[in-house]
Amino acid sequence: QVQLVESGGGLVQAGGSLRLSCAASGIMFSISNMGWYRQAPGKQRELVAAISGVGTTKYADSVKGRFTISRDNAKNTVYLQMNSLKPEDTALYYCNAVVPTAFRAYEYWGQGTQVTVSS
């Protein structure tokens, strides 16, 4: 059974920091492409940051220079360090895993963790 369990969300003032964690189980974590997405009320879910199995990263333009994605394959965990938070970063943040196989890729989602940034 695949599980992606997010933690670390909360309420923070603008300019503050949070670190999100996503603990994965039931997947070949080391080869999985991991990502963080977010969805604000009334908006579409968007990619925030992603990291490949070999550590290649990409970021949304809106978070470049403020957010850092990382992974610890020994702990099957991916992190999102969020600094200089802005009210517009307020959203439900989801962990995503894309697991490649010989024939297709399988995609999984966590349940989400709320991040609220007050002005």
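I'll walk you through a four-stranded sheet, the nonpolar core, and a group of aromatic rings in this model. Keep in mind that the model is predicted.

Let's start with the sheet. It's an open one, four strands, and if you go across it you meet β1, then β3, then β8, then β7, with antiparallel pairing. Which strands stand at the edges? Those are β1, residues 3-7, and β7; each has a single partner strand, so one side of each has no neighbour in the sheet. Neighbouring strands here are turned by 15° against each other on average, if you ignore direction.

Now let's go through the pairings one by one. β1 and β3 are antiparallel and share five bridges. If you want a spot to look at, take valine 5, whose bridge partner in β3 is alanine 23. Moving across, β3 pairs with β8, again in the antiparallel sense, over six bridges. There you can find arginine 19 standing opposite glutamine 81 of β8. Then β7 and β8 run antiparallel too, joined by six bridges, and aspartate 72 has threonine 77 in β8 as its bridge partner. Those two strands make a hairpin with four residues between them. Have a look at asparagine 76 in that turn: its phi is positive, about 50°.

Stay with β8 for a second. Is it mostly enclosed or mostly open? Five of its six residues are buried, so the rest of the structure largely encloses this strand.

That takes us to the core. As a general point, nonpolar side chains in soluble globular proteins tend to be buried together. In this model the largest nonpolar core has 29 residues, and the members touching the most other members are Trp36, Val78, Leu80, Met82 and Tyr93. Where do the residues come from? β3 (18-25), β4 (33-39), β5 (46-51), β7 (67-72), β8 (77-82), β9 (91-100) and β11 (113-118) each put in at least two. β9 gives the largest share, five residues.

Let's zoom in on leucine 80. Leaving out residues up to four places away in sequence, what does leucine 80 touch? Its contacts are Leu18, Arg19, Leu20, Trp36, Val48, Ala49, Phe67, Thr68, Ile69 and Tyr93. You'll notice arginine 19 in there, the residue we just saw opposite glutamine 81.

Last stop, the rings. A pair of aromatic rings is described by the distance of the centres and the angle of the planes. The structure holds two aromatic pairs. In one, tyrosine 37 and tryptophan 109 meet edge-to-face, 4.9 Å centre to centre with 65° between the planes. Tyrosine 37 is in β4 and tryptophan 109 is in β10, residues 105-109, so this pair ties together parts 72 residues apart in sequence.

Then there's tyrosine 94 with tryptophan 109, also edge-to-face, at 6.4 Å between centres and 90° between planes. Here tyrosine 94 comes from β9 and tryptophan 109 from β10, so the parts tied together are 15 residues apart in sequence. Put together, Tyr37, Tyr94 and Trp109 make one aromatic cluster.

Are these rings buried or exposed? Tyrosine 94, at 11% relative accessibility, counts as buried, while tryptophan 109, at 35%, counts as partly exposed.

And there's a charge here as well. Arginine 45 lies over the face of tyrosine 94, 3.8 Å from the ring centre. The charged end of arginine 45 also sits over the ring of tryptophan 109, 4.5 Å from its centre.

Key
Residues are numbered from 1 along each chain as its sequence is written. This is a predicted model: local features need pLDDT of at least 70, side-chain atom pairs count only at pLDDT 80 or more; totals for chains, interfaces and linings use all residues. Side-chain values use heavy atoms; hydrogens and water are left out. A nonpolar core is a set of buried Ala, Val, Leu, Ile, Met, Phe, Trp, Tyr and Cys residues joined through side-chain atoms within 4.5 Å. Buried means under 20% relative accessible area, exposed over 50%, partly exposed in between (1.4 Å probe, protein chains only). Contact means heavy atoms within 4.5 Å. Two strands pair if DSSP finds at least two bridges between them. Axes are lines fitted to C-alpha atoms, for helices over the stretch in contact, and angles run from 0 to 180 degrees between N-to-C directions. Rings of Phe, Tyr and Trp (its six-membered ring) pair if their centres lie within 6.5 Å; planes under 30 degrees apart count as stacked, over 60 as edge-to-face and the rest as tilted. A charge sits over a ring if NZ of Lys or CZ of Arg is within 6 Å of the ring centre and within 35 degrees of the ring normal.
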